[in-house]
Amino acid sequence: MSAATTRSRTPDRLCAEAVDLARAAAEEAAAPGVVGEHAGVQSEGDRVVTHFFECKELGYRGWRWAVTVARASRAKIVTLDEVVLLPGPDALLAPEWVPWSERLRPGDMGPGDLLPTDAEDLRLEPGYAGEDEPMPNAAVSEEMAELVEAEDAEVTAGTPANLPAAPTRGSIAAVAEELGMRRARVLSRYGLHIAADRWEESYGAKTPMAQAAPATCVSCGFLQPIGGSLGQAFGVCANEFSPADGHVVSLAYGCGGHSEAAVMPKPPQPAPPVIDETRVDPFPLRPAADSGSVPIVSDEDTAELGHS
């Protein structure tokens, strides 16, 4: 350990004894009666010491008035450096600020609220790429070719309808199961109507959320279409922050979480400082003659007094 480090950790004697000077400075900066007992001293460097005083002001439990004093080299006079209110080890502090996008939870959105989406939102992607590329699961796509090569399989030259000989089919039950039709009973027309009425009542155009929404679900990127005849009027919401997440919604329904309803606002700019410490304000040493603080005397009256 060097001698400089040892000196910086040992409080200067004259600065450490200037408790009265530090208390007077703290009482001048604080409100009357809020400066408590002396709570310790800490060395900040060579001939620089900070005195701590308890803060008795309500709402500042564990906070301390920190008064820093210093003296010049070979000087015996201690001068005041700064006075500030700092939190102590057991101070009551506000929780760490969290952006609203991280505080938001599913179910927090109400009627009339808008949830902006970022341009780079990972939950959304363009609806079209502008290029005539095959689907990812098509037989001629690169993904399917890599899968075929990995599985050591063969790809036919076209769809089964265009082949000279159709491939061998399995049993009727196997084909029905593959097409999703192997069910003993399916919804009747009446069953479809009552299901549509029930979904329309829960997540339809007449709900308070839809009445206050900026747009409908038919143009929302979070809407997942469904098949069948009900797909012409309903879909599934896939927005985790929407009150209808995971529910079947009407295409005329809407909420503030619409993907195109609002844009992400720019981060707020800090307000300008109230006190500009970089500017020097002129301060006259003598009052002006027309300020009213000094009597106006003519030159003839002052001539008899002579010059000082």
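**Close-up A. Y203 and its aromatic partner Y253.** In this predicted model, Y203 is buried, because its relative accessible area of 18% falls under the 20% cut-off. Y253 counts as buried too, at 4% relative accessibility. Together, Y203 and Y253 form an aromatic pair with an edge-to-face arrangement: the centres are 5.6 Å apart, and the planes make an angle of 90 degrees. Y203 belongs to the loop between α7 (189-202) and α8 (208-211), while Y253 belongs to the loop between β7 (248-250) and α9 (299-303), so this pair ties together parts that are 50 residues apart in sequence.

**Close-up B. Y60 meets W63.** If you enjoy ring geometry, here is another view to linger on. The count of aromatic pairs comes to three. One of them joins Y60 and W63, edge-to-face, with 5.4 Å from centre to centre and 85 degrees between the planes. How exposed or buried are the two partners, Y60 and W63? Y60 has 32% relative accessibility and so counts as partly exposed, lying between the cut-offs of 20% and 50%. W63, at 18% relative accessibility, counts as buried because that value is under 20%.

**Close-up C. A charge over a ring at F52.** This view turns to a contact between a charged side chain and an aromatic one. The ring of F52 has the charged end of R64 sitting over it, and the distance to the ring centre is 4.0 Å.

**Close-up D. Cysteines without a disulfide.** How many disulfides does the structure hold? The number is zero. C217, for example, takes part in no disulfide: its nearest cysteine sulfur belongs to C220 and is 6.1 Å away, whereas a disulfide needs the two sulfur atoms within 2.5 Å. C217 counts as buried, because its relative accessibility is 11%, under the 20% cut-off. C15 is a buried cysteine as well, with a relative accessibility of 0%.

**Close-up E. The second largest pocket.** Here is a view for anyone who likes to look at linings. The volume of the second largest pocket is about 200 Å³. Which residues lie nearest its centre? They are S101, P116, D121, R123 and F241, which belong to a lining of 13 residues. Sorted by class, the lining of this pocket contains seven nonpolar residues, four charged ones and two polar ones. Among the residues nearest the centre, D121 and R123 count as charged, P116 and F241 as nonpolar, and S101 as polar.

Note on methods. Residues are numbered from 1 along each chain as its sequence is written. This is a predicted model: local features need pLDDT of at least 70, side-chain atom pairs count only at pLDDT 80 or more; totals for chains, interfaces and linings use all residues. Side-chain values use heavy atoms; hydrogens and water are left out. On a 1 Å grid over the protein atoms alone, a cavity is a set of points where a 1.4 Å probe fits but cannot get out, and a pocket is an open set with protein on both sides within 12 Å along at least five of seven lines; lining residues have an atom within 4 Å of a point. Grid points are joined across faces, edges and corners, and a volume is the space filled by probe spheres set on the points. Buried means under 20% relative accessible area, exposed over 50%, partly exposed in between (1.4 Å probe, protein chains only). Rings of Phe, Tyr and Trp (its six-membered ring) pair if their centres lie within 6.5 Å; planes under 30 degrees apart count as stacked, over 60 as edge-to-face and the rest as tilted. Helices (H or I, at least four residues) and strands (E, at least two) are DSSP runs, numbered from the N terminus. A charge sits over a ring if NZ of Lys or CZ of Arg is within 6 Å of the ring centre and within 35 degrees of the ring normal.
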